[in-house]
Amino acid sequence: MRSLTSNTVSKRPLRLFNTLTRELSAFKPRDPPDVRMYSCGPTVYADQHIGNMRAYVFADTLKRTLRWKGYRVHHVINVTDVGHLTSDGDVGDDKLEVAARREQRSIWEIAEHYTGAFKADLARLRVGEPDLWPRATDHIPQMVAFAEALDRAGWCYVLPSGLYFDTSRDDDYGKLARLDVEGQLEGARVEAVEGKRNASDFAVWRTADPAAKRQMEWDSPWGRGAPGWHLECSVMSIEHLGGHFDIHTGGVDHVPIHHTNEIAQSEAFLDDGEDWVRWWLHGEFINLKGAKISKSTGGGVLVDDLFDRGYHPLVYRYLLLQAHYRSQIEFSWQALDSARTGLRRLLGRYAPARTAHAAVSSAAARAHLDAFDVAVSDDLNTAKALAVVAAASRDDALSDRELSALGAEFDAVLAIGLTDLSAADLDLKRVDVDVTPTDIETLTAERSSARVARDFARSDDLRDQLAELGVIVEDHADGTSSWRWA
Ligand SMILES: [Zn+2]
């Protein structure tokens, strides 16, 4: 393990924005140098688009920064394979059950398939694996025991549809989101469940409708059914990281309901007057509307789509790191092109400088490393950190040995290929899996016929279609055409 103070630079305390306090302050784990961290994982019912992946790139950057500063991070990401409903309001069907019907596969096959796809995408984005991937369905007895404890202590009430947590009994309810519990916020968001005492009450256990044929059901004191989604995260995080751990991460969309409810039931369960988790960190969205990809699945852009369009996945990681994790980003292919240009330029300088015996030795090199530390210590300001990476790449005062050493330090946090990729590695050939050269020949031949027939509208239309596939068509003076990959 790296010592808290490396021999090259004295690293600063890490300041982080805590959603719970709405303040930026120096991070202090309960038991340094150990840091216990939980990130809400995916519901494995469909492919995760690149927007979903932003939360994991953020958690990974946090984890890498903590490690770079000498902490020993114990990280858990759960896999939600049951209990996440199509609505946040305790109504609707389980997402896994819906997917199993849609794809006519068993829920177990669905979960396995999409868990594998998710892990493969994380690897391609160089998001490090957590120490543990607990699955919700492996923790049902613990979930039942947790719910029983809440019920025994008087926090819950039973309805025909399940066991509900009575949020009016919790004076602190909604503290994370600063919810006005009396107000209409949750009333507007949450669809009504018959018999619910308060709009914000939530299901800890949902009793299955005996008429509905469901693949996933377990016995409980409240009838056969399945755990609530929020319960799963409370149980798995406490089981694997201890009653109180240091950091809980997720997307901003988790603040008003999911994390709010995790906190309510966990603090009711622990009942020791302490905050369950002291540090709550939330990543913002990336808006994918600018991607203009229309897929039959109706989903957003996948990591596979990046490949198909000739983008190395780390170009996307670089794009994300250009913004602060708490700012919204608008995705566009032009922005991704600029990110590729930027990363290509960096690799063009770092790759040739790579040497075996690298060391940060001179004052100039130490100054870059220090500037980098200032940036990441400021609530993970990766945009500033990338500016330092670029500044170092342009600094003629640095020897190759020094730039190589700096690249290794920077990449330990950013993971953008500074230690092992070259600029040429970003030049992926655009291969649309559905398009072969024969298809393109067919389209270009069709376009030639349209030109011969002087149907220029059709001809332009075909040229656009080809451009969309990454093909540039060139018309020659003799009336013939040829094509090449863009
Ligand atoms: Zn969660």
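How are the donor residues of the zinc ion spaced in sequence? The pattern is C-x192-C-x24-H-x3-E. The model under view is predicted, and this tour starts from its zinc ion.

Select the zinc ion together with C40, C233, H258 and E262, the residues that supply its protein donors. The donor atoms are SG in each of C40 and C233, NE2 in H258 and OE in E262. They lie 2.0 to 2.7 Å from the zinc ion. Display the angles among the four donor atoms next: the values run from 73 to 131°, and the site is irregular.

Now keep C40 and E262 selected. This pair links distant parts of the chain, with the two positions 222 residues apart in numbering. C40 belongs to the loop between β3 (34-39) and α1 (50-68), whereas E262 is found in helix α7, which covers residues 255-270. Add a surface to examine the exposure of each. C40 counts as buried because its relative accessibility is 5%. E262 is buried too, its relative accessible area being 0%.

Turn finally to the cysteines. How many disulfides does the structure hold? The count is zero. Select C156 and C233 to inspect one case: the closest cysteine sulfur to that of C156 is the one in C233, and the two are 17 Å apart, so they are too far from each other for a bond. As for its surroundings, C156 has a relative accessibility of 13% and therefore counts as buried.

Conventions: Residues numbered from 1 in each chain as written. Predicted model: local features only at pLDDT ≥ 70, side-chain atom pairs only at ≥ 80, totals over all residues. Heavy atoms only, no water. Donors = N, O, S within 2.8 Å, 3.2 Å for Na, K, Ca; no water. Tetrahedral: all angles 85-135°; square planar, octahedral: opposite > 155°, others 65-115°. Helix = DSSP H or I, 4+ residues; strand = E, 2+ residues; numbered from the N terminus. Buried < 20%, exposed > 50% of the residue type's maximum accessible area, 1.4 Å probe, protein only. Disulfide = S-S within 2.5 Å.
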